[in-house]
Amino acid sequence: MGLSVENLGFAYAGKTVLQDICFNAPLGKLTVLLGRNGCGKSTLLKVIAGILPLQTGCVLAAGQAIKALSGSERARLIGYLPQFHQTVFPFLVEDVVLTGRAAYVRATPSHRDIEMSRQAMETVGVEHLAGRPYTELSGGERQMVMVARVLAQNPQVILLDEPTAHLDLGNQQQLMRVLKLIVARGTTILAVLHDPNMAFLNADKIIFLNSGRITDPPENCCPWDPSFIESIYGISTVVLPYHDKAVIVPTS
Amino acid sequence: MKILHSHHIPKKHGHTDVLPSCNCRAVYCPALFAFCYLAIVVVLLCTAVASDAAQLSVTDFRGKHITLQKPAKRIVCLIESALSGLYMLGVEQQVVGVSANIYNGSVNTWYAVLDDRIRQKQLPVPGNWDFVSLESVVALKPDLVIIWSQQSESIAALESRGIPVYGVLLTGWEDVYKEMRDLGVLTGREKRASEVVDYTQAEVGHIARRVANIPTTKRPGVYYMWAQGNLETSCGGSTVNDLITLAGGRNVCGSIKSEHLVANMEKVLGWNPDLIVMWYNERKNPGDVIADPQWQSIRAVKNRRVHEFPEHFLCDLWTLKFQFAVKTVAKWANPELFRDVDLKKEKQTMLFKLYGRKIQGM
Amino acid sequence: MLRPAPVIYYLLPFPVLLLSLFIGPGGGVAPADVLQALGHKLALSTLPTDSTLDMAAEVLFNIRLPRICLDFLVGGALAASGTALQAMVRNPLVSPDILGLSSGAAFGAALALTVGWLPLQPSAFFFGLLAAALSYLLAVNRRGLSIVSLVLAGIIIGGMFTALLTIVQIVNDPFKLQTIVHWTMGNLHNASWQRVRSAFLPITTGAAVLFAMRWRMNVLALGDEETRAVGLNPEREKLLLLIPATLAASAAVAVAGIIGMVGLVVPHMVRMLVGPDNTRTLPVSFVFGGTFLVLVDDLARAITTFEVPVGIFTTLIGGPFFIYLLKKSGAGFGETS
């Protein structure tokens with residue numbers, strides 16, 4: 001169960017962006033996707049989420065092949081948080097979160113939809129912002145609201161594209177805490193992070209993407225192995241152990 | 001020129017003997033008299049010729065003086081009503097260019113009968129009321145262009161090329177008379193122009209005299225309906241108002257001074273006209289107005305006194321044919337008073353008098 | 001959440017509509033007569049034979065009432081359309097004109113006025129829809145409907161129809177031209193039950209579909225990717241907004257000419273009053289737009305003997321009122337984050 005991807009490929013304008021992607025994000029675990037800018041991480045998430053079409057390969061979410069699903073069926077299984085947000089109108093936070101229920105709503109949201117949104121806001125910790133206009137929030141608060149929105153969708157798999165990008169240290173930690181809370185409840189999370197250390201400290205599983213292909217660290221090798229890191233990011237680092245994990249520090 | 005009008009050749013019989021009668025010059029007197037008579041005739045003829053050689057001069061509606069050395073021989077007429085006037089003057093062969101609307105609509109049938117060139121679409125169209133192709137006009141080498149005086153840009157362009165332009169602005173009957181007389185001068189057909197203007201004035205005068213004594217209270221309330229919409233009408237101080245008044249009616253909105261305005265339906269109900277006169281309308285008939293649910297309670301609709309002018313050409317208020325419009329409305333407004341007027345006969349007489357034999361049988 | 005708009009906004013039209021029945025050009029029907037005629041009608045009793053009372057009833061039921069109904073329908077259609085299109089385009093600066101439908105409808109009307117055998121309202125309606133459809137087809141491509149393309153296409157198509165309109169104007173004589181100009185500035189003076197009937201179905205159908213879509217507008221307003229992420233197809237949703245909005249707006253323009261301000265400014269006013277949540281702004285826009293036009297037309301009817309195009313009033317009144325609201329509460333838009 002969880003999320004498994006087999007032989008996924010994607011090309012755009014004649015250029016191959018992703019090739020032979022095979023991996024499994026285990027059920028109830030936080031899987032992190034790492035790689036350089038432009039290696040195809042966002043594209044991979046978009047293909048799984050259905051934003052971009054699935055050209056080759058197969059994706060199974062909670063045991064179901066997503067290719068056969070309709071938009072709203074897929075949305076009940078997979079939630080997606082994009083990297084960039086656009087706001088024009090000053091919607092209230094609670095209305096923004098409520099839009100996450102679109103896959104369940106016929107014409108207008110029911111009491112159940114409203115209740116799910118409220119719970120999502122509570123879980124993420126933004127219920128105190130419910131009545132404020134979204135446009136007046138700080139970057140960090142907005143991000144948390146967006147996470148609540150994905151949660152309101154009540155999916156079994158959640159895809160996050162660089163969720164910590166605009167957050168300060170405190171908010172980053174808050175977010176990771178929330179994500180761990182979510183996986184503890186049985187949801188599968190696949191997140192793209194820009195900071196490998198964050199992955200090393202929090203993730204249950206790490207996948208590396210290098211020029212459109214999955215690259216695994218060599219056998220019996222930790223993901224923070226300096227030579228491996230150099231092959232991925234092209235910089236030299238030193239490893240600093242931390243409990244049973246480690247962080248890496250770039251050397252100049 | 002004035003001499004030409006007012007001179008008269010003294011009749012032989014009325015001639016008084018200014019020479020002392022002398023028995024011994026019994027042979028000389030008749031000879032001398034004949035010589036003097038011939039001399040006077042020759043002098044007068046020379047004056048006449050000299051007058052012809054004098055300039056033809058008029059003031060157009062802009063207040064500009066237009067002077068021609070001789071009658072216009074190549075006329076570009078961009079106003080349909082003025083063109084019909086030129087046909088009345090009998091100078092149609094001097095017309096070399098016309099406006100686009102001659103070839104459209106109901107007037108085309110009339111012009112096709114009047115002129116083979118129009119029937120065969122041979123007369124060029126260098127412009128219309130709004131757009132004038134300068135090149136096309138100049139290519140026709142006109143010596144006179146007749147155009148609406150508001151088309152100031154086109155006029156300026158033509159005059160800067162030395163082409164005489166006669167600008168027209170009609171706001172009432174007097175303007176129509178002036179236009180005809182001026183065109184008569186410019187085409188050397190003053191006599192004919194006088195003839196048709198006098199004829200029209202007489203005909204209109206007949207009607208006016210007959211209705212002069214009808215007090216305002218006894219006149220039927222008339223609502224005039226333009227073709228663009230039921231609520232489009234003309235009020236006081238307009239040619240339509242003159243038409244209604246001359247015909248023995250009373251314009252229901254005559255108290256408002258406006259050439260053209262859009263009335264409020266409630267107001268029309270309040271005016272409650274006795275007679276509705278529709279301008280020639282391609283889309284609507286009196287039956288359509290009578291059937292309109294919003295007009296049901298109006299007296300004119302209840303009594304089915306809703307009439308439409310039969311033709312644009314016959315009733316054109318901007319030409320001398322407006323006399324026919326006056327007669328038509330007079331008959332509608334006061335049918336009892338004008339029972340003797342036979343519109344068909346009037347129409348044929350008018351067409352013959354204005355256009356000659358050509359339109360017989362239309 | 002989803003608390004309905006304060007009931008006052010929905011109740012607002014009733015007193016306004018009632019009062020409007022008493023308003024008319026000066027020196028016309030006395031209000032007392034109107035009251036009597038109304039009373040008789042409501043009590044379903046027959047009018048006593050009295051010519052003033054007959055006139056009052058005639059004016060009330062055949063002239064004022066259809067006009068007020070038409071005002072409400074047209075104002076509501078334009079405002080609701082504006083709200084829907086602003087949500088779809090994610091830009092508060094658009095009005096129902098972005099697709100060039102006003103230019104198309106104006107051309108259709110001018111063509112009908114020139115050609116003679118073409119009926120006026122259907123022609124305007126048809127060409128309005130045609131312009132919108134052309135703009136859509138020009139803008140849409142494989143990857144979907146780009147908003148920028150749509151606005152550009154609307155400008156181009158609108159411009160083309162305006163050019164065609166100008167050609168028609170040149171060809172016509174000065175009287176027809178005047179009528180065309182009058183038409184393009186808004187003409188409610190020809191209101192009749194026939195016009196109300198012809199506009200009723202497209203406007204109410206369009207408005208009903210938009211009403212059903214009112215919550216989906218919130219989803220769409222957050223972006224194409226987000227919309228797809230939560231399980232809706234943004235292209236389908238855009239069409240589901242575009243078609244009814246265009247239907248209602250075209251019908252409104254066909255029957256009343258081009259009335260400015262309502263489609264652009266009323267949605268803003270409503271947003272300032274009830275917030276941007278479309279489940280409230282959409283129905284309130286319809287009601288507010290309709291009431292606004294009824295009020296403006298009341299003014300137009302009362303102060304002039306002859307008819308002045310209502311578009312003049314909506315602009316001269318709506319504009320300053322909008323500026324006042326803007327200064328007081330601010331439009332409250334966020335820039336893109």
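Two strands pair if DSSP finds at least two bridges between them. With that rule in hand, the tour goes through a predicted model, beginning in chain B.

**Stop 1: the sheet around β3 of chain B**

Select β4, β3, β5 and β6 of chain B. These four strands make an open sheet, in the order β4-β3-β5-β6, and the pairing is parallel. The edges are held by β4 (95-98) and β6 (165-168) of chain B; each has a single partner strand, so one side of each is left without a neighbour in the sheet. On average, and with direction ignored, neighbouring strands of this sheet are turned by 20° against each other.

Now narrow the selection to β3 (residues 75-77) and β5 (residues 144-148) of chain B, which pair in the parallel sense over three bridges. To find one of the registers, pick B:Val76: its bridge partner in β5(B) is B:Val145. Add helix α3 (residues 80-89) of chain B, which packs on the sheet and touches β3, β4, β5 and β6 of chain B. The direction of α3(B) makes about 135° with that of β3(B).

**Stop 2: helix α8 of chain B**

Select residues 173-186 of chain B. Does the end-to-end distance of α8(B) agree or disagree with its residue count? At 1.5 Å a residue, the 14 residues of this helix should span 20 Å, and the end C-alpha atoms are 20 Å apart, so the two agree.

Colour the helix by burial next. The buried residues of α8(B) are B:Trp173, B:Val176, B:Glu179, B:Met180, B:Asp182, B:Leu183, B:Gly184 and B:Leu186. An α-helix has 3.6 residues a turn, so residues three or four places apart point the same way. Just after α8(B), stop at B:Gly188, where phi is positive, at about 75°.

**Stop 3: the sheet around β11 of chain B**

Stay in chain B and select β9, β7, β11 and β12. They form an open sheet of four strands in the order β9-β7-β11-β12, with parallel pairing. At the edges stand β9 (250-251) and β12 (306-308) of chain B, each with a single partner strand, so one side of each is left without a neighbour in the sheet.

Strand β11 (residues 275-278) of chain B runs parallel to β12(B) and is joined to it by three bridges. Within this pair, B:Met278 has B:Glu308 of β12(B) as its bridge partner. Then show helix α15 (residues 322-333) of chain B: it packs on the sheet, touching β7 (221-225), β11 and β12 of chain B, and its direction makes about 155° with that of β11(B).

**Stop 4: strand β8 of chain A**

Move to chain A and select residues 188-192. Five of the five residues of β8(A) are buried. Both faces are covered: A:Thr188, A:Leu190 and A:Val192 lie on one side, A:Ile189 and A:Ala191 on the other.

Which strands pair with β8(A)? Strand β3 (residues 30-35) of chain A does so in the parallel sense over four bridges, and A:Leu33 stands opposite A:Val192. Strand β7 (residues 157-161) of chain A also runs parallel to β8(A), joined by five bridges; here A:Ile158 stands opposite A:Ile189.

**Stop 5: two helices of chain C**

Select α4 (residues 51-89) and α14 (residues 278-303) of chain C. They pack at an angle of about 145°, with their axes 7 Å apart, and their crossing is right-handed. The residues of this contact divide into 16 nonpolar, eight polar and two charged.

**Stop 6: where the chains meet**

Display all three chains. Chain A and chain B have no contact, and their closest C-alpha atoms lie 42 Å apart. Of the two pairs of chains in contact, chains A and C share the most contacts.

For that pair, 29 residues of chain C are in contact with 32 residues of chain A. On the chain C side, α10 (214-220) and α11 (224-229) each supply at least two residues, and α11(C) gives the largest share, four residues. This side of chain C holds 13 nonpolar, 11 polar and five charged residues.

For the other pair, 25 residues of chain C are in contact with 23 residues of chain B. The elements of chain C that give two or more residues to this side are α4 and α8 (174-184). The largest share, six residues, comes from α4(C). The side of chain C that touches chain B divides into 10 nonpolar, 10 polar and five charged residues.

Technical notes:
Residues are numbered from 1 along each chain as its sequence is written. Chains are lettered from A and ligands numbered from 1 in the order in which they are written. This is a predicted model: local features need pLDDT of at least 70, side-chain atom pairs count only at pLDDT 80 or more; totals for chains, interfaces and linings use all residues. Two residues are in contact if their C-beta atoms, placed from the backbone, lie within 7 Å. Ala, Val, Leu, Ile, Met, Phe, Trp, Tyr, Cys and Pro count as nonpolar, Asp, Glu, Lys and Arg as charged, and the others, Gly among them, as polar. The expected span of a helix is 1.5 Å times one less than its number of residues. A residue is buried if 20 or more other C-beta atoms lie within 10 Å of its own, exposed if 12 or fewer, and partly exposed in between; C-beta atoms are placed from the backbone. Axes are lines fitted to C-alpha atoms, for helices over the stretch in contact, and angles run from 0 to 180 degrees between N-to-C directions. A crossing is left-handed if the near helix is turned anticlockwise from the far one by less than a right angle, and right-handed if clockwise.
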